[in-house]
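Please load the model in your viewer, with the sequence panel open beside it. The tour below proceeds selection by selection.

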Amino acid sequence: MLEVVTHHAVSREQHDEQDDTEAETRPCRADALRGNVRVSELAFDTLAGVSAWRRAGRAAAKRALKAGEFLLWLGGNHLAALPVLEELGAETLVVQFDAHLDVYAFHDTTPELSHGNFLTHFDAPRPRLVNVGHRDLFLTPGEIGETFEAVYSACAVAGDVARVTAELRAKVRAAKRVWIDLDCDALDPAALPAVHEPLPFGLAPQAFLALFEAVWDGNVVGMSVTEFDPGRDARDASLSLLGWLVEHTLLKAAVR
């Protein structure tokens, strides 16, 4: 069984994909998803619900992971990924595609939990973190090394994508289990403009797909996708890219 847990605002695309699959009468690859996908929505539409967002998220992630289901976690702000990352544990390798490193402590960063520093606010043992695609120009190597096992900047990927994919593949194969975490701003805004804080020189879709395929292995237990802002899209370019990626991921999980 594949489980999709979504924030209320980003669930429509997944429902549309399910409806299209159910309506298709001819044999197709999507038959692998028929009856094998369960969608759970966490709406947080009351003050009490918002106050308990982290606890509710962890409970949903724990249920799916304990059941051995492949979990696709869709959220708005990247902060929405924190509950599932907390449930993964220290033996899980998280390959995080993100333009930002989210361990900031600058003059305008509050010490309280925010989407800019949430990787420093774990209530559980932190998983192993590897970043791919960041464009950070301010954090020192020492600050980065306190949280990340390894980082591959967008510059490193552009300079030698073959080396980066080979090193990622080796890390994944040596890991007990793997989680893929995609913040949509990892991709270049020319290809995926619908993000809150776009940065230039992001990953081209072709490079991202090569990296994604290198990371994919039998020990991948799930994937989170966050920071999609539909109000900033252009001609549905971002929606089309992410819709294809979500379906591609679910099909890979269903037939492995």
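What follows moves from the whole chain to its salt bridges, its aromatic rings and a surface patch.

This is a predicted model, in which local features need pLDDT of at least 70 and side-chain atom pairs count only at pLDDT 80 or more, while totals for chains, interfaces and linings use all residues. Residues are numbered from 1 along each chain as its sequence is written, and side-chain values use heavy atoms, with hydrogens and water left out.

**The whole chain**

Begin with a cartoon of the chain, whose secondary structure comes to nine helices and eight strands; these are DSSP runs numbered from the N terminus, helices being H or I of at least four residues and strands E of at least two. The C-alpha trace spans about 55 × 45 × 40 Å along its principal axes. The radius of gyration is 17 Å, which agrees with the value near 18 Å for a compact globule of 256 residues, where the radius is taken over C-alpha atoms and the rule is 2.2 Å times the number of residues to the power 0.38.

Colouring by accessibility comes next: 50% of the 256 residues are buried, where buried means under 20% relative accessible area, exposed over 50% and partly exposed in between, with a 1.4 Å probe and protein chains only. Of the contacts (heavy atoms within 4.5 Å) between residues at least 6 apart in sequence, 75% join residues at least 24 apart.

**Salt bridges**

The count comes to 12 salt bridges, each defined as a side-chain nitrogen of Lys or Arg within 4 Å of a carboxyl oxygen of Asp or Glu. Select aspartate 123 and arginine 54, whose side chains meet in one of these at 3.4 Å, N to O. Because aspartate 123 lies in the loop between strand 4 and strand 5 and arginine 54 in helix 3 (residues 53-66), the pair ties together parts that are 69 residues apart in sequence. Aspartate 123 is exposed at 59% relative accessibility, whereas arginine 54 is buried at 17%.

Staying on helix 3, select arginine 58 together with glutamate 87, whose side chains form a salt bridge at 2.7 Å, N to O. This pair links distant parts of the chain, with glutamate 87 in helix 4 (residues 82-88) and arginine 58 in helix 3, 29 residues apart. Arginine 58 is partly exposed, with a relative accessible area of 22%. To see a network of salt bridges, select Glu3, Arg38 and Glu69, which are linked in this way.

**Aromatic rings**

A search of the whole structure finds six aromatic pairs; rings of Phe, Tyr and Trp (its six-membered ring) pair if their centres lie within 6.5 Å, and planes under 30 degrees apart count as stacked, over 60 as edge-to-face and the rest as tilted. Select phenylalanine 208 and phenylalanine 212, a tilted pair at 6.0 Å centre to centre with 35° between the planes.

Why are phenylalanine 208 and phenylalanine 212 separated by about one helical turn? They are four residues apart in helix 8 (residues 205-215). Both phenylalanine 208 and phenylalanine 212 are buried. Extend the selection to Phe70, Phe97 and Trp216, which ring pairs link with Phe208 and Phe212 into a cluster.

**A nonpolar patch**

Finally, switch to a surface view and select Phe106, Leu137 and Phe138, which form a nonpolar patch with about 380 Å² of accessible area together. Phenylalanine 106 lies in the loop between strand 4 (92-97) and strand 5 (128-134), and is partly exposed, with a relative accessible area of 31%. Patches are made of residues with over 30% relative accessible area and no salt bridge, like charges being joined within 9 Å and nonpolar side chains (Val, Leu, Ile, Met, Phe, Trp, Tyr) within 5 Å; accessible areas come from the Shrake-Rupley method with a 1.4 Å probe, and for residues only the protein chains shown count as cover.
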